[in-house]
Structures are given as structure tokens and as C-alpha cells.
Amino acid sequence: MAKAVFQVPELKQYAEIPALEPGVMAHSAPFKAKDEFQYALGFPGELTEDWQDKAIGKMGDLLGRYRSLRVYLDSCVKCGSCTDKCHYYLGTKDPKNMPVGRQDLMRKVYRRYFTLAGKFFPKLVGAEDFTEEVLSDWYSYFHQCSQCRRCSVFCPYGIDTAEISMAAREIMDHIGVGQKYCNEIIAKVYKIGNNLGLPGPALADTLEGLEEDVFDDTGVEVKYPLDQEGADILLVTPSADFFAEPHVDGLIGYGKVFHEAGVSWTLSSHASEAANFGMFIGSYENMRRVAMRIREAALKLKVKRIVFGECGHAWRVAYSFLNTLAGPWDFLDSRYPVPQHICEFTYGLMREGKLNLDKSRNDDMVLTYHDSCNVARASRMGDKPGGQFDIPRAIIRASVNNFYDMDEETIRDRTFCCGGGGGLLTDDLMEVRVKGAQPRLEALNNVMQEKGVTHMAAICAICKSQFSKVLPYYGMEMDQIVSVHQLVSNALILTGQHTDDDDEDEAADEAA
Amino acid sequence: MSFLSSVYAYLFYFAAFVLVAGLVNKVVQYARTPAPLKIPTTPAPTTKAGVALRLTREVVFFESLFRGNKWIWIFGWVFHFGLFLVTLRHLRYFLEPVWAPIQFIQPFGIYGGIAMVIGLGGLWARRFLVDRVRYITSLSDHLILGLLISIGLSGLMMSFVVHTDIMRVKAFFQGLYVGQINTLPADPLLLLHLLLVAGLMVIFPYSKLLHMPGLFFSPSRNQVDNPREKRHLADWARRLEQE
């Protein structure tokens, strides 16, 4: 088990709603961004002297630009429906991690400065001045929200805490209090093209290595092209796919699927990142700037289609926002959705019978599937609502013999976040990440006990990284999390692939 | 025409003005504020008709709340549905002649009044009994519940215990339409009931009661899930593109 300086929550057989422990997570706050990264994003470098006025000014600006913020701050009736829905509350017991508790951190400031009742009767309606203590609470607790939208499912008015924590981060950025992890990463995207700061030559090297690996495994020359002008498809995938485990096994899978489809495709070094951390910090301008790189790459490479790899928040930005941020896409082939998810692509091929999948090649695993929060509640796949649940499951079921879903209340649109989304996937937030994973892992643990599940598949780079890191805290193995296209990759028998020897090789590899 | 009747007449003119002007102001503000991004909570309807159906389910059945918490749902729904029946019943004071459906609803209005008070009682009890709800409750939440329950109880008292001359009450409100102040029965319970109702009208646009118009403007509920098919662009975002 990994070492922890905090108490790792216990996994129980039945989910429990904990009693409140006020303030227990007040100490949890991420490192602050250095001024050079603040400047790169167009924000002041450090807390300005007139920060209070500036913050209120920015809040007013956002209230005028985002209907969601205005309506959500006005509409809450404090009914309590959301109070037991946030994984961070369930895992930490801190009432400021209840969705409404978190929203109220902003609502009390909103009421004080923007409503009649708050101006004249602050005590009555719980309005408060924007003091340094309040700002400190903001910085702590708005970085304990993964913007997973689970609360918005159960709110009678659809109040989405994600909108509020995004606005809060945007306001804090504008007074010079930015988060190191997110802002450094966005600056890296501007400078190099991806979150991990992998330059073009390193990408080319990695992809070449993948080609060799796949050739050794299958005897088939599957290509992983980079910056290939005139290819049909531009694949945009999270940069973690280039080297992290189990992400890279997914990337191998996408390449094999494209190979079998017989389409030409390419990655881009300019847009070598699907994730868009501009969303995490609630900055439309930065989100747009990151998204424009994909448009630039598509134009430069003269592709006809755009396909996104397995990534949760990225798919939200891609599916829901890309047309808004970087459209219109009239220069692409209008017969295909823009953008398309790799699962939609694979599912289409599967239905056409173009993929020869041998499920028994995944018989060493018993699978369950984790619906990644932003795919589940902020996007779609296919042409029917709920395709985002059914299509990945259909792909898994076509690739494996043994599949069991987790408890109904923890999947589909009621899925729990992995605990590391929304810009929290950083070591300085380890405690909240581990505790926030508890509800998901409790459900996982139950299917492990009851159904003998050994592995959990996901289609999100953050989920994969987060689970690899937190599973050991709960006494599980880090490699119990797998990519969906890793399962496809295992099961897929490529045209011309000779299998007998390879099977043994693969078995040996997996045992190692 | 008594002094008291005049006071109540002007009070209701004022309350009606605040309610209407305040709500119109808020609705216009909501309508004018752009929603720059597509953020429906998915799975979401892919057509406008689907969205209308989704909102109808939310308004009529409190669908999301039902999924969220059965206790809040049962008390909340009983209260709101009761209030709806009570409101219909009260239309008889404001319409002449009284429409047939309103005449039909009269007895149900009484049950509605009882249901409303029971629902409110349940919701209020939760504010004391459930630690999470206690934590998020502020003084104004108690006051609004107190206000609504008092309105309900004073109304029920007039139905069951101390009757008032409802024909004169009707004459009073009918008179207000034409600027004529007719004498209101000087029954303490009636005066209390009306005072509280006027209070409710005044706080409506300045309190959490804004959840009523808010629901219709909530982007996570009222947006069509079609971002790939149709480009969604706010005016201020369009300006960014021209820079």
C-alpha cells in the first residue's frame, strides 16, 4: 500500500452518507502559479492590492456574460438534494465539499455585492464581504471540485457547481491567484503544443517505437503517422497517450483500428493535445486559444475529418464546445460528425463487421466500465442521447467475454468522478484525490468481491492516471485500470496477422 | 371605506407592482444574459420538443429532485402541488364571473391547503433534523418557510374556524381593478393572511423564490443537445472572433 499522511477512507459494502466534519479539508490547497505562467495566460502575476474591487468587478463581468452563473446563484433554495452527491463530500466529510456548500462560498459574496437583500440584510440571507478568509476558502474549496456535474443531475433546477467553480477560478486568476498545475500546463500548450511539453521529435520517436512494438507483436506494419499532410483523419488525443500506462495501450489500439479501417490518418505535433485546461480555469479566452490549435492543424494538414482519442474533459470540449470555439468546420467532410470520438469510429467499424475481434484474448481479465464524468454528463456519442454509455459498453462487450457493470447508482449519468478531474490531477492535491476516489472505488470493490472483477476500463486520460495512482492507497493494483482501446487492441486480429506464437508472447508480456 | 382598507389597498398595489416589475426585470435580465456554451446535463434531448418535455417533467413532477432525494421530493411536491390547487381556488376572488373549472376545483383547493402545510412542515423539519440541510440553512430559509406556513394556516383557519365575509373580500379585490377601495372585513385573521401574502409578493423577486423563473432559464436543462450539428455562438464570443 502507498504511504499516506492522511487517513485513507474505508471501503464499505453499502454506501454511507457521512456526518459533517466542518473544516477538515480547509488546509488542502494547490500550489500557486508563478508569475511567468500567469502572464503567459494574460493574468496578473500576484495578488493585486485592490484585489477585492477587481474580483467584484470580474464577478459582475461574468454575471453579464454567463447566464448559467446568474441563474444558478439566484435559484438555489437550499433543498439539500445535492448535499450527499459529491464524491469529495462523501470522501472528506467536509460540508464545504457539499455542492451547495461549495456554491455558497460564491453565493454569499454574490448576495453581498449584487443583490438588494444582501446589501441591506446580509446576516439574514447569509451574505458576506469578500474578505481574505473568504478568498482563502475559495482557493481551497474551488480546487476540490472536479467539475464532474454529478450535482447538476440531482438539482431540481439543474444548478451545476462546475459552472460556479469555473467562474471562481476565472475570478481568482484575474486577481493574480492562479493554480500552478493548470496554468503551467496551459502555458506549455502555447509553447510546445501539449500538456506534457513533449516536442515534435520526441513524439516522432515514441510513435516509431510503437510501430516497432506492434510489428513485433503482430507481424503487421501498422503506422502511427505524425504531421502527415493530406491524411484523411486528424487524430487528437491526450498527450498522456504517448507514453503513460495504460494510456499508450489505447493509442496502440486506435492505430490498429485505423489500420483495419484502411483510412489514412495522422497525429499533429502542433495540436498534440486533446485536453483543454482552459475549461478547468473557466477561461473562455484561453480555452478558445487552445482549441484554435486544432483548427490550425486541421487546415495545415488538409485533413477531412477530426477524431478524438480517449479523454473525458477533452471530449466535453470537443463535442460540446469545439464548434463554438473553433468552428465552423465547413472545410471538413460533412458526412462525418465533427469531431468524432474514437469509440464512435470503432463502433461504426464493428457494426460493419470490419473488425475481427477474438474475445478470448481478453480472458485473463474480468472487466467493469467506469463512465468518465464529463463524457457521461456533458457530451454524447452517436445520434441518440445516452450513446455515451452504450457505445463504449458495446465495444467492451465485443472485445471481452467477462463484463459486469458496477452498482446502477454509480454508473451512467450517476457515475462518480475518479477524483482527479477538473485540474486536480497533481501531487499537491493527493489527499483530496485519494479521498475523492472513495465512492468510485467502493463500487469497484463491491463488483470485485461479488463478481470477481479484476480490471476497470475507462476512456479518459485523467481517470487512467488518477486510478493508477490512487488504487494502491486502497490496497488495489495500479494496473487494474485499462484503456477501452487496449481491450480492442488485445482482441483485434489484424488482417494478415499470424496469431499462434504472438498469443504466447502476449501472455508472457502480461504476466510480466 | 375605512382607513385600514385604504392601507391594504395601497399595500396590494405596491406588492403587485413590486412582484410584477421585479419579476419582469429578472426575467429580462436572464433572457438578455447570453449562455456562451452548450452545457445541457446529458443525456439531453436533441430537439426543442424534447427540451419542452424535459422542462415539463421538471416543472410538473420535479424529476431531478425525485432522483436526488425521495423525502425532499415528497414534501416539496406535496407543498407545491397543494399551493397550485390553493392558487386556483383563490382565483374566484379575482374573476367575475368565476370560470367553471375554478368552480369545480374549489373543494380540492381546501385539500391543497392542508397538503401545502403538511409539505412545508416536512421541509421545515428537515432543516432541523438532517445535519447537512441544517448546515446550509440560513435565517431567511426559516423565515420564508414560516411565512408560507403562516399563510397556509391563517387561510385554513378561515376555512374551518373563523370565517370571514368572502363576498366583501371579493368586492375589495374587484374594486382594486378600477381604483375603487371597498371596505375589507376587519377580521384579524384575514388581515394577517393578506399582510403575509403581500409580504410574499414583495420578497418574491428578491429571494430564492426566483427558482421559479430560474428553472426555465437554466442552461443545463433548457438547451438542446446538438452542438456538433449547429454552431452555437454568443454575441460577445463572436466579437472575439473578429479581433
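How many Å apart do the C-alpha centres of domain 1 of chain A and domain 2 of chain A lie? In this predicted model, the two centres are separated by 33 Å. Let's look at what lies between these domains, and then at how chains A and B meet.

**Inside chain A**

Domain 1 of chain A covers 35–185, while domain 2 of chain A is made up of 192–404 + 453–511. Where the two touch, 16 residues of domain 1 meet 12 residues of domain 2. On the domain 1 side, at least two residues each come from α9 (150–154), α10 (161–174) and α11 (180–191) of chain A. Of these helices, α10(A) provides the largest share, 5 residues.

**Between the chains**

The contact between chains A and B brings together 60 residues from chain A and 56 residues from chain B. Seen from chain B, at least two residues each are supplied by several helices, including α3 (63–68), α4 (70–90), α6 (131–136) and α7 (139–160). Further along chain B, α10 (211–217), α11 (219–222) and α12 (235–242) also supply at least two residues each. The most comes from α6(B), with 5 residues.

**Residue classes on two contact sides**

Here is how each side divides by class:

| Side | Nonpolar | Polar | Charged |
|---|---|---|---|
| Chain B, touching chain A | 27 residues | 17 residues | 12 residues |
| Domain 1 of chain A, touching domain 2 of chain A | 7 residues | 4 residues | 5 residues |

If you would like to follow this in the structure, handy starting points are α6(B) for the side that touches chain A and α10(A) for the side of domain 1 that touches domain 2.

Notes. Residues are numbered from 1 along each chain as its sequence is written. Chains are lettered from A and ligands numbered from 1 in the order in which they are written. This is a predicted model: local features need pLDDT of at least 70, side-chain atom pairs count only at pLDDT 80 or more; totals for chains, interfaces and linings use all residues. Two residues are in contact if their C-beta atoms, placed from the backbone, lie within 7 Å. Helices (H or I, at least four residues) and strands (E, at least two) are DSSP runs, numbered from the N terminus. Ala, Val, Leu, Ile, Met, Phe, Trp, Tyr, Cys and Pro count as nonpolar, Asp, Glu, Lys and Arg as charged, and the others, Gly among them, as polar. Domain bounds come from an automatic or database domain assignment.
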